[in-house]
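Q: I am new to this structure and would like a close look at a single part of it. Please take the salt bridges and the helices that carry them, and explain them step by step.

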Amino acid sequence: MPIYPKTTISKTRRESIWHMDIVDLLSQRPRTLSLRHLAIFCRKTAFLLDAGLPIKVAMPILCAQMPKRELKLVVSDVHKMVMQGESFSKSIRAVKVFPTFMCGYVDIGEKTAKLPKVCADLADFYEHQAVLKDELAAAMMYPMAVSLMMLGVIVLAVTLVIPGYADMFAASDVSLPMLTSVLISLSDFFVENWLFAILGLLSTMLVAVLFLRSQRGIDFISWVVLKVPLLRQNINFRLVQTMSLLLSSGLSISKTIPLCRDVMENTRVKTDLQKLSSNIDSGVAFWVALERIKYIDSLLVGLARVGEETGNLPQTIKKCHDYFETAYKHSIRRLNKFIEPLITLIMGIILAAVMLAVVLPTFELATVM
């Protein structure tokens, strides 16, 4: 809850602001809407507006159809502002849970009298984004699950299995292989210092979280993302998808790029798109300015050049979007097929090493006896 200086805000006004903050907190309004919820909101709004209902009449109906209470509260707030005379775009911007890109695109729809189509386009856009996000998450779920399982097996082996064998080996004169000696030393360390190991792990995680939430950490993650081929491909695809959506609505490329910047989460991409917009405004050709960004796919640069020179940039970008979509989905499937056997192989090697570290001295002990 914010602290307001007494010298600048009266006590009555300060209590009123605190009361509104408490009401907002208790109302459980979301800070942002998920891609699925954005798609639902846009799809239902497009349907009601396309049916001929004015926005003031559509909002109460939309509020009743929202699947969750927090969404109903958001739509109710939008309806209140619309009834006070605000435009639909200003109303959704004021509730501060809708993306800046969506607010800007809705404003374009209102000014061009194409609000139903704009809402339908936004619904398709966010549905597509949600599907791709789910596919990427599904591709990462199996490796993460297997990795956690592998980590659990290693911890159990080091803390429970190895100590028992270590006592048996210590009571004999059998010379231990290096692998067995290393595992026993590792086991002894964790058994004797388990509290410090847990505290060290938690401290490391805390430092990592604080760093990643800092501006330097955000910039570092943005740099790393651009070095990973699949994530770089995702950025190119999202950029082309957004440009295709905006150019098809009749916007010029100079007005499209600032809105594309609002969609991107990567700070370096945002900075580069700002430079791209400045270059275009200064008279540089779009494809020339685009070529200066190193992580932009060369196919996009080439098609942008063809589109600008032929005057068919929206159609060219649309074809580029279709190609990038197919290529990105193929990359996700290929990654999933590659990671599954790789993780299985790594897990097998580690488990085999643990088994060998235990079995080899046991066989030698049995031979001596």
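A: What follows describes the salt bridges of this predicted model, with the helices they belong to.

The structure holds eight salt bridges. One of them pairs the side chains of Glu127 and Arg43, at 3.0 Å from N to O. Glu127 belongs to helix α7 (residues 115–170) and Arg43 to helix α2, so this pair ties together parts that are 84 residues apart in sequence. Glu127 is partly exposed, with a relative accessible area of 31%, and Arg43 is also partly exposed, at 31%. Salt bridges with shared partners join Arg43, Asp124 and Glu127 into one network.

Helix α2, which carries Arg43, covers residues 35–50. At 1.5 Å a residue, its 16 residues should span 22 Å, and its end C-alpha atoms are 22 Å apart, so the two values agree. While Arg43 is partly exposed, α2 also has buried residues, among them His37, Leu38, Phe41, Cys42 and Thr45. Further along α2, Ala46, Leu48 and Leu49 are buried too. Just after the helix, Gly52 takes a positive phi of about 100°.

Helix α7 also holds a salt bridge within itself: both Lys117 and Asp121 lie in α7, four residues apart, about one turn of the helix. An α-helix has 3.6 residues a turn, so residues three or four places apart point the same way. The side chains of Lys117 and Asp121 meet at 2.9 Å, N to O. Lys117 counts as partly exposed, at 45% relative accessibility. Asp121 is buried, because its relative accessible area of 16% falls under the 20% cut-off.

A pair with the same kind of spacing is found in helix α16 (residues 313–368), where Glu325 and Lys329 lie four residues apart, about one turn of the helix. Their side chains meet in a salt bridge of 3.4 Å, N to O. Glu325 has 17% relative accessibility and therefore counts as buried. Lys329, at 23%, counts as partly exposed.

Some charged residues belong to a surface patch instead. Lys227, Arg268, Lys275 and Lys294 form a positive surface patch. Lys294 sits in the loop between α14 (286–291) and α15 (298–310). Lys294 is exposed, with a relative accessible area of 79%.

Technical notes. Residues numbered from 1 in each chain as written. Predicted model: local features only at pLDDT ≥ 70, side-chain atom pairs only at ≥ 80, totals over all residues. Heavy atoms only, no water. Helix = DSSP H or I, 4+ residues; strand = E, 2+ residues; numbered from the N terminus. Expected span 1.5 Å × (residues − 1). Buried < 20%, exposed > 50% of the residue type's maximum accessible area, 1.4 Å probe, protein only. Patch = residues over 30% accessible without salt bridge, like charges linked within 9 Å, V, L, I, M, F, W, Y side chains within 5 Å. Areas by Shrake-Rupley, 256 points an atom, 1.4 Å probe, with all protein chains shown as cover. Salt bridge = Lys/Arg side-chain N within 4 Å of Asp/Glu carboxyl O. Lys, Arg positive; Asp, Glu negative; His and termini not counted. Charge placed at Lys NZ, Arg CZ, Asp CG, Glu CD.
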